[in-house]
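I opened this model to look up its sheets, the helices that lie against them, and the empty spaces inside. My notes follow in the order in which I looked.

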Amino acid sequence: MHNMKVASYSTHGDLQALSMTAPQRLQRVEGWGMAHVANCYVVQPSTVGQVEDIFKEAKAKGQKVALRGGGQSYGDASIGQESILLDCSKLNRVLAWDGETGIIDVEPGVTIEDLWQYVVADGWWPPVVSGTMRPTLAGAAAMNIHGKNNYKMGPIGDHILEFEMLTPEGKKILCSREENPRLFHAMISSFGVLGFFTRIRLQMKKVYSGELEVHVDIAPSLKATVDYFEEHLHNDYLVGWVDGTAKGRNRGRCVIHKARYLEPGEDPNPHKTLTATYQDIPKMMFGVVPKSILWVGLWMLKNRPSWTALNTSKFHFDRLHSSQPPFRQSHAAFHFLLDHVPNWKRGYRPGGLIQYQSFVPKEHSAYVFDKQLEMSQEAGLPPFLAVFKKHRPDPFLMTHALDGHSFALDYPVTKKNRERLIRLTEEMTELVIAHGGRFYFAKDGVLRKEDVHRAFPKESLDELYALKKELDPEHVLQTDLSRRLFDF
């Protein structure tokens, strides 16, 4: 078992030592989906003091700073055209860990992968993880990520106990639910425009096995999927894969995976399953084919007939498994589906992809999501991937969550379909807003400023602008997303 470990924590910078503080050459940087690109001055500080120096220099020279963690935001939330791109990935130390209480303190560049690898042997797991283990904790907090258990455990912000932040004005602030609660609930979810996380303290989830019990079910439509989810909220995890290419009476058919934690004693060998080695996702397929080359096959199949065939095959394969007993799967294998095929997104080159994810109240979600599939198919743009989840409200300022469901749709971007795809997303956005829905800034690359002002409460937007004026009056922190959607 790990003992409490504390790393030294420097808050005094050395501008001369950080030669990247004022880089002279612009670098081309992509959003994760590769459809959004910016030329940036990339810096990678390794101490908080260096971050202070970067802010000072940016202010002195009138430059803007965009914050970037693992670069996992699909759109333009972690890039800034001709801005200093402050990449926190080298600030990646675990500062303290208590294997008895499950409380951990980390620097902002610690990734979800770093986190679970550090705590799993002591019988803990992050309470909320995304579909990939690559995001940093700063990025996860800034976007307030959710997982397949949002309806039960809420977003990651619900498990952050406190954090320290640095404002562009050089002020250090400690925030928790008791100390500076207003700022605590705003920094988490404010997509990196209020300040820089310098330390984050989280509560981990106690687990008694490195495996989950997983069961596969089938729903014939989105309405049936909504009903199924509402009836099975006692499960620890629920996620639905929807065949976005199926038409007619098959439209919206869904494969549902539900999972639960194992109770003490159910796993005969927890000392084996609760290891980082057991959780590793295999790098080879069938033990002989490197998964790192599989994206080439996806690239060759990047056309509507091929993806229709793939979706159909997947649905019928999973339908066969729905009649089988539950099976056990490692936490990493269940959660991190996007990491099973390394660099799979390259299959969407050269234009990349966008993910359109909307959140709709439960009384309207089946209709809205079914309509989105219908609109996509009528436009000749069926989504290649569609994922359904259940959500609950949370207390964070710019929350995307509500008492309802989300639908994430992946679309390839090409020169030929770009304008048609943008029109489709605008039409779907009108539908979502008309039914009280919201959006998620970690995925967005298509919303307009007026969409945000109609989808989010005026009180939340007013508070965000007030805090921005208070903490960053010179609007130093900006990204391409914030420039696109907000007046700062």
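**Entry 1: a pair of strands.** The model is predicted, and I began with strand S2, which covers residues 37–43 and is joined to S1 by four bridges, the two strands running antiparallel. I looked up one of the pairs by residue and found that Arg28 has Asn39 in S2 as its bridge partner.

**Entry 2: the sheet around that pair.** I then followed the pairing outward and recorded an open sheet of four strands, in the order S1-S2-S4-S3, with mixed pairing. Strand S1 (27–30) and strand S3 (65–68) each have a single partner strand and stand at the edges, so one side of each is left without a neighbour in the sheet. When direction is ignored, neighbouring strands of this sheet are turned by 50° against each other on average. Helix H1, residues 48–61, packs on the sheet and touches S2, S3 and strand S4 (84–87), and the direction of H1 makes about 170° with that of S4.

**Entry 3: a backbone detail.** In the loop between S3 and S4 I looked at Glu82, which has a positive phi of about 55° although it is not a glycine.

**Entry 4: the whole chain.** I stepped back and noted 16 helices and 21 strands in the protein chain. The radius of gyration is 22 Å, close to the 23 Å that the globule rule gives for 488 residues, so the chain is as compact as a globular protein of that length. Taken along the principal axes, the box filled by the C-alpha atoms is roughly 60 × 55 × 45 Å.

**Entry 5: the eight-stranded sheet.** Next I traced an open sheet of eight strands with antiparallel pairing, whose order is S17-S12-S14-S13-S19-S20-S18-S21. Here strand S17 (327–330) and strand S21 (438–439) stand at the edges with a single partner strand each, so one side of each has no neighbour in the sheet. Within this sheet I checked strand S13 (residues 237–242) and strand S14 (residues 254–261), which run antiparallel and are joined by six bridges. Leu238 stands opposite Lys258 in S14.

**Entry 6: helices on that sheet.** Which strands does helix H6 touch? Helix H6 (residues 222–231) packs on the sheet against strand S12 (211–219), S13, S14, strand S19 (385–391) and S20, and the direction of H6 makes about 35° with that of S19. I also recorded helix H12 (residues 365–378), which lies across S13, S18, S19 and S20 and runs at about 10° to S20.

**Entry 7: a cis bond.** In the loop between helix H11 (331–335) and S18 I stopped at Pro350, since the peptide bond from Arg349 to Pro350 is cis, with omega near 10°.

**Entry 8: a pocket.** Rolling a probe the size of a water molecule over the atoms shows where empty space is left. I looked up the second largest pocket, which holds about 250 Å³ of space. Its lining consists of 14 residues, and those that lie nearest the centre are Gly380, Leu381, Phe384, Pro412 and Asn417. Strand S20 (404–412) and helix H13 (418–434) are the elements that give two or more residues to this lining. Sorted by class, the lining has six nonpolar, four polar and four charged residues.

**Entry 9: the cavities.** How many cavities of 30 Å³ or more does the structure hold? I noted three. The largest cavity has a volume of about 70 Å³, and the residues that line it include Gln355, Tyr356, Gln357, Lys443 and Asp444. Strand S18 (residues 353–361) gives the most to this lining, with three residues. By class, I recorded five nonpolar, three polar and two charged residues for the largest cavity.

The second largest cavity holds about 50 Å³ of space, and among the residues of its lining are Met143, Asn144, Ser189, Met398 and His400. By class, this lining has seven nonpolar, three polar and no charged residues. I also noted that Phe439 and Tyr440 appear in the lining of the largest cavity and in that of the second largest cavity.

Note on methods: Residues are numbered from 1 along each chain as its sequence is written. This is a predicted model: local features need pLDDT of at least 70, side-chain atom pairs count only at pLDDT 80 or more; totals for chains, interfaces and linings use all residues. Side-chain values use heavy atoms; hydrogens and water are left out. Two strands pair if DSSP finds at least two bridges between them. Axes are lines fitted to C-alpha atoms, for helices over the stretch in contact, and angles run from 0 to 180 degrees between N-to-C directions. Contact means heavy atoms within 4.5 Å. On a 1 Å grid over the protein atoms alone, a cavity is a set of points where a 1.4 Å probe fits but cannot get out, and a pocket is an open set with protein on both sides within 12 Å along at least five of seven lines; lining residues have an atom within 4 Å of a point. Grid points are joined across faces, edges and corners, and a volume is the space filled by probe spheres set on the points. Ala, Val, Leu, Ile, Met, Phe, Trp, Tyr, Cys and Pro count as nonpolar, Asp, Glu, Lys and Arg as charged, and the others, Gly among them, as polar. The radius of gyration is taken over C-alpha atoms; the globule rule is 2.2 Å times the number of residues to the power 0.38.
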